[in-house]
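Colleague: Could you take a close look at the open sheet for me, and then walk outward to the charged pairs and the cysteines? I'd like one connected answer.

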Amino acid sequence: MESFEYTCKATLGLHARPSAILATECTKLKSTVTIAANGKVAQGNDVLALVALRAGLGDKLVISAEGPTEEQDIARLKEVFSDIIPIDKNLDVLKVAFYGTKEYDRIYFDELAKDIGEGAYNVDITYFSSRLTSETAHLSQGFDAVCIFVNDEAPAEVVEALKENGVRLILLRCAGFNNVDLEAAKACGMTILRVPAYSPSAVAEHAMAILQAANRRLYKAYNKVKDNNFSLNGLLGTDLHNKTAGIITTGKIGRCMAHICKGYGMNVIAWDAYPDKSLEDSGLLTYVSKEELFRKSDLISIHGPLVMGEGGTYHLIDKEAISMMKDGVMMVNTARGGFIDLDALIEALRANKFHAVALDVYEGEEQNVYTDHSDDILQNDITARLMSFPQVMITSHQAFFTREALQAIAAETMENARNFLQGYPYGDAQVL
């Protein structure tokens, strides 16, 4: 075990913002990090536990790391602590209208927004349960910013309404930005900031989880056993070992999925409009054309942003692409529903083209996502049509949904708000 001591130098002590910075960094380390102060100990990767230490100005922290890379990790944490208190340019407070609020959103955002003062995020959040739409845009009156998620809607008329209401900043608490009219936002002088990589592992792990659930018919097996039925009929799966996995785009999530597939003993190929040669040099994968990926893959895993227009990724998986694929191919989508032409997919499912299809996202999901319709009369039959196929597994846009990801989303969104307020660079978070 390696350790060092640090005396709190911030006026507010180890408050929400330095705790968030520290926790975010600790999630990237291989060592187990603990922070001790005032007779209490917290895990370094848990922002709520760090805040609960209540370490104030002048209090001593003992930071310990235990694991295979503890020396390097301690050195990295020393760097973090040396740069954890940036200089404030002003102490203004940013007023944020937070749309589509769920209870789990408030777990981290509430805690991170509590502090006001030197070195804090200085963000005042008002929560609304409604999604952002043309009907709810008026709620943004008097706010400096809105914070929205994947199922919020910001077409041109909404963006223009936000501008009229005084909104200058759109904070996306997600990586994708296809739900915002960027041309309209640019014309309105809006700044748009996103969370480019909250937890790549969470999404990739979910992709493999639901793919295997579809492959091995785990949902059907579970229900059969609940009914005291131990027959194996209808549960036949296929090995992944020695099969070929095709990864569509190799950003952070795609790379995580490639490593997972490699761990299964799969041969990994990939397509990306901007290939990263280092991934080939490391032996992780081999880049091929889209057409070759479609023809050779036993498993196709879709990642990356949805890009509209010519040369984009909208309906990348269409009737022609599906026709190139092997019979009995498996496919999983945890990116955006628009990657797959829904009509072409349903036609192929009817023709028994796929052995397994796992969808965390799909076209037409917007009205379903994050809402409980269990007592409602069916208005949209898209989900029912997809679920009628025994080889299809659907989840409710939950690939991101882990404690680590929620923490990272909150921390990065608040950091984006602070950077806007203080005039600091936005880095990869900037969309406009």
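Modeller: Here is the sheet, followed by the salt bridges, one arginine and the cysteines.

Keep in mind that this is a predicted model. The open sheet has seven strands, and reading across you get β12-β11-β10-β13-β14-β15-β16, with parallel pairing. The edges belong to β12 (286-287) and β16 (392-394); each of those has a single partner strand, so one side of each lacks a neighbour in the sheet. Further in, strand β10 (residues 244-248) runs parallel to strand β13 (residues 299-302), and four bridges join the two. If you want one of those to click on, go to Ala245, whose bridge partner in β13 is Leu299.

Something also packs on this sheet: helix α13 (residues 342-350), which touches β14 (329-333), β15 (354-359) and β16. The direction of α13 makes about 145° with that of β15.

Now for the charged pairs. The salt bridge count comes to 16, and a few are worth pulling up on screen.

Start with Asp276 and Arg255, whose side chains meet at 2.9 Å, N to O. Asp276 sits in the loop between β11 (267-271) and α10 (277-281), while Arg255 belongs to helix α9 (residues 252-263), so this salt bridge ties together parts that are 21 residues apart in sequence. Asp276 is partly exposed, at 21% relative accessible area, and Arg255 is also partly exposed, at 32%.

Glu292 and Lys296 make another salt bridge, with the closest N and O atoms 2.5 Å apart. Both are in helix α11 (residues 290-296), four residues apart, which puts about one helical turn between them. Glu292 has 21% relative accessibility and counts as partly exposed; Lys296 is partly exposed too, with 43%.

For Lys114 and Glu111, the closest N and O atoms of the salt bridge are 3.4 Å apart. The two ends get opposite labels here: Lys114 is exposed, with 54% relative accessibility, whereas Glu111 is buried at 16%. There is also a network of salt bridges, linking Glu25, Lys28, Arg76 and Glu79.

One more arginine deserves a visit. Arg418 is part of helix α15 (residues 403-422), and with 0% relative accessibility it counts as buried. What surrounds Arg418, once its neighbours within four places in sequence are set aside? The contacts of Arg418 are then Arg17, Pro86, Ile87, Asp88, Gly119, Ala120, Tyr121 and Tyr424. So that you can find it quickly, show the side chain of Arg418 together with that list of contacts.

Last, the cysteines. A disulfide is a covalent bond between the sulfur atoms of two cysteines. How many disulfides does the structure hold? The number is zero. Take Cys8: the closest cysteine sulfur, in Cys26, is 14 Å from the sulfur of Cys8, which is too far for a bond. The cut-off used is 2.5 Å between the sulfur atoms. Cys8 is buried as well, at 4% relative accessibility. Cys256 is in no disulfide either, and its nearest cysteine sulfur, that of Cys261, lies 11 Å away.

Conventions:
Residues numbered from 1 in each chain as written. Predicted model: local features only at pLDDT ≥ 70, side-chain atom pairs only at ≥ 80, totals over all residues. Heavy atoms only, no water. Pairing = 2+ DSSP bridges. Contact = heavy atoms within 4.5 Å. Axes fitted to C-alpha atoms, helices over the stretch in contact; angles between N-to-C directions. Buried < 20%, exposed > 50% of the residue type's maximum accessible area, 1.4 Å probe, protein only. Salt bridge = Lys/Arg side-chain N within 4 Å of Asp/Glu carboxyl O.
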